Structures are given as structure tokens and as C-alpha cells.
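Reader: I'd like to go through a fold with you, feature by feature. Could you show me how to read it?

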Amino acid sequence: MSIEIQSDIDLTGLFPLNHARIGYKNNVPDATVTPSTEEAGFEADSVQNQLTYELWRPTAMPADIVIDMGSAKAFNYIGLAAHTLGTESVTVTASYSSDDISYTAIDPTAAPSDDSSIMLLFDEVTFRYVKLAFTGATVFSLGVVYVGQTLDMYRPFYSGHTPDSMGRMTTVKPTKSVAGQWLGRSIIRNGFNNGYEWKNIPVDWYRTNVDPFAVAAQRFPFFIAWNALEEPEDCLYAWTSKDISPALQGTRDLVSFGFDVEGLGGE
């Protein structure tokens, strides 16, 4: 389970949930992060950067972390990556507040079955504080938290797209005996890769909405849910290796564009 959608999310003025959601805007790096507890060497400010090897680990359960964004900010998604919530059977509940005293819970609650990346999608709100509360019997690790507004793509995918959860990228080392007998193999690394492509996008819409993402993707990873409505298990914390650039299609000021990604494993 990788995407949790608010059950009564208001789609007025928005593209339907079967259009891809990209979470690249992130208020967390400039925020102040306060945990309930933190283990030495696994401090909570680790979640403020995009690195997946720096982790926050509480010393006791239940645990929580409060993100103070300094002033009221608009957001409609929370992304979590590089975690062990599924392995440790931990449930996470998000809430928001204007004063760090009275909090309103965000529907939905995530109880992931594995350690793949998570996107919580909900109606946009504007508040200063976000609290993530974790319940379970076992201490967990968490490396990446994003809080911000999604880029909602202009068109959905119609056919030919590989579901993100099935686009595995595995590097293996097979082992054979001198006589050529199969002795097994070792997995050196794993993750996911995939490609995304859109056509017939108005150039002005691309310039306003997609080009800022293309600039951000030069430096930072992002969350992407290609079809949150019909494929709620598919979400990646991913990064590109090339620039994202549009191509004019020659008709009615429309462009096409696409990009390939590698994404974090966690099955």
C-alpha cells in the first residue's frame, strides 16, 4: 500500500485522481522539526533532506514528530520514503494545527504492509504545523518527509504505462560451479525504474506548471503517483538522470514531454 486518499476529497477545480500526482514542492527543509524522542546518530532533522541513508529513529513507541513550517503554508500531500513502517507494523496518522496545541487529523491513516514510498493525498489546507504520529509495538526508521502541494498532470495515461510497482530494477550476481552447476545468485541492489510520457499538453500550461518541476528535478527527488484512483499501490520516491524538456507538436501550440526515473525500493 503506497497511496492513501482522503475518502471525501473535493475534486472541484482539480484534475481527476486518475491523473498523475507529482509531489516535488516541499516545505520541510526550511521547517523546524521536533521529535518526541530520537536515538543518538538518528536525529529527526534527517527527514529534512532528500537523502535516503540518513534516518530518524525514535527510542520509544508511540512516537511523533512535529513540523513547524514557520508560517501557514498550503499543502495537499505528505510523502514518506526510506522507512521501515511496513516491516515494523507501524501505523502513521497525520494532523495539522495553527497553534501546535489543537490538532485536526487528516484522513486517511496509513498502515503500510511494506516499506515502499507513501503519499497521503487530501483536500488542500493551509496551516503552520504538521504532526506525524506513529503507533505500533516496535521502533522504526524514517528517512524522508515531504509536505507540500502536488503537481496534478493535465492528462491521464491511457495505455502502455508499466505500473510503477512492477517496474523493478534488480542487479544480481549469479554463481556457478567450475562445472557450470547453478549455485544460486546474490541480489546486489534493487529498486524501480519507469518512464512517463504525456502528449497534447498546451504549451502555456506546461510553462506555468511543469517547467518549475523540471527545474526542481535537476537537483531533487520527488514523489509520483501515476494513477492514485485506480492503482493506489503505485507510488515512487524517484529521481531523473536527464533534463525534462518539451517538444512542440506543431499543432495548436501543443507539446509532448516525458522522463525516465529510478525509484526507491522497499518491498
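**Backbone first, then packing**

Author: Sure. Keep in mind that this is a predicted model. Let's begin in a loop: Asp-100 sits in the one between β5 and β6 (104-110).

Reader: What is the phi of Asp-100?

Author: Asp-100 isn't a glycine, yet its phi is positive, about 65°. For exposure, the cut-offs are under 20% for buried and over 50% for exposed, with partly exposed in between. Asp-100 has 36% relative accessibility, so it counts as partly exposed.

Reader: Which other residue has a positive phi although it is not a glycine?

Author: Try Ser-89, with a phi of about 55°. Ser-89 is in the loop between β4 and β5 (91-97).

Reader: And why does Ser-89 count as exposed?

Author: Because its relative accessibility is 56%, and the exposed class begins over 50%.

Reader: Let's turn to omega. Where is the peptide bond cis?

Author: Look at the step from Met-61 to Pro-62: omega is near 0° there, so you read that bond as cis. Pro-62 belongs to the loop between β3 (32-35) and β4 (63-83).

Reader: Which residues does Phe-134 contact, leaving aside its neighbours within four places in sequence?

Author: Both sides of that cis bond are on the list, Met-61 and Pro-62. Phe-134 also touches Trp-56, Ala-63, Asp-64, Ile-65, Leu-85, Val-90, Thr-91, Val-92, Phe-140 and Leu-142.

Reader: How many residues does the largest nonpolar core have?

Author: It has 32, and Phe-134 is among those with the most contacts inside it, together with Ile-78 and Leu-132. To see where the core comes from, go by element: β4, β5, β6, β7 (118-135) and β8 (142-148) each give it two or more residues.

Reader: What does the second core include?

Author: That one is separate and has 27 residues, including Ile-22, Ala-216, Ile-244 and Val-261.

Reader: Now for Phe-259: buried or exposed?

Author: Check the number against the cut-off: buried means under 20%. Phe-259 has 4% relative accessibility, so it counts as buried. You'll find Phe-259 in strand β15 (residues 254-263).

Reader: What does Phe-259 touch, not counting residues up to four places away in sequence?

Author: Ile-22 and Ile-244 are on its list, along with Asn-194, Gly-195, Tyr-196, Trp-198, Phe-213, Phe-222, Ile-224 and Thr-240. For a C-alpha view, take Phe-259 and Lys-242: they are 17 residues apart in sequence and 7.7 Å apart in space.

Definitions and conventions. Residues are numbered from 1 along each chain as its sequence is written. This is a predicted model: local features need pLDDT of at least 70, side-chain atom pairs count only at pLDDT 80 or more; totals for chains, interfaces and linings use all residues. Side-chain values use heavy atoms; hydrogens and water are left out. Helices (H or I, at least four residues) and strands (E, at least two) are DSSP runs, numbered from the N terminus. Buried means under 20% relative accessible area, exposed over 50%, partly exposed in between (1.4 Å probe, protein chains only). Contact means heavy atoms within 4.5 Å. A nonpolar core is a set of buried Ala, Val, Leu, Ile, Met, Phe, Trp, Tyr and Cys residues joined through side-chain atoms within 4.5 Å.
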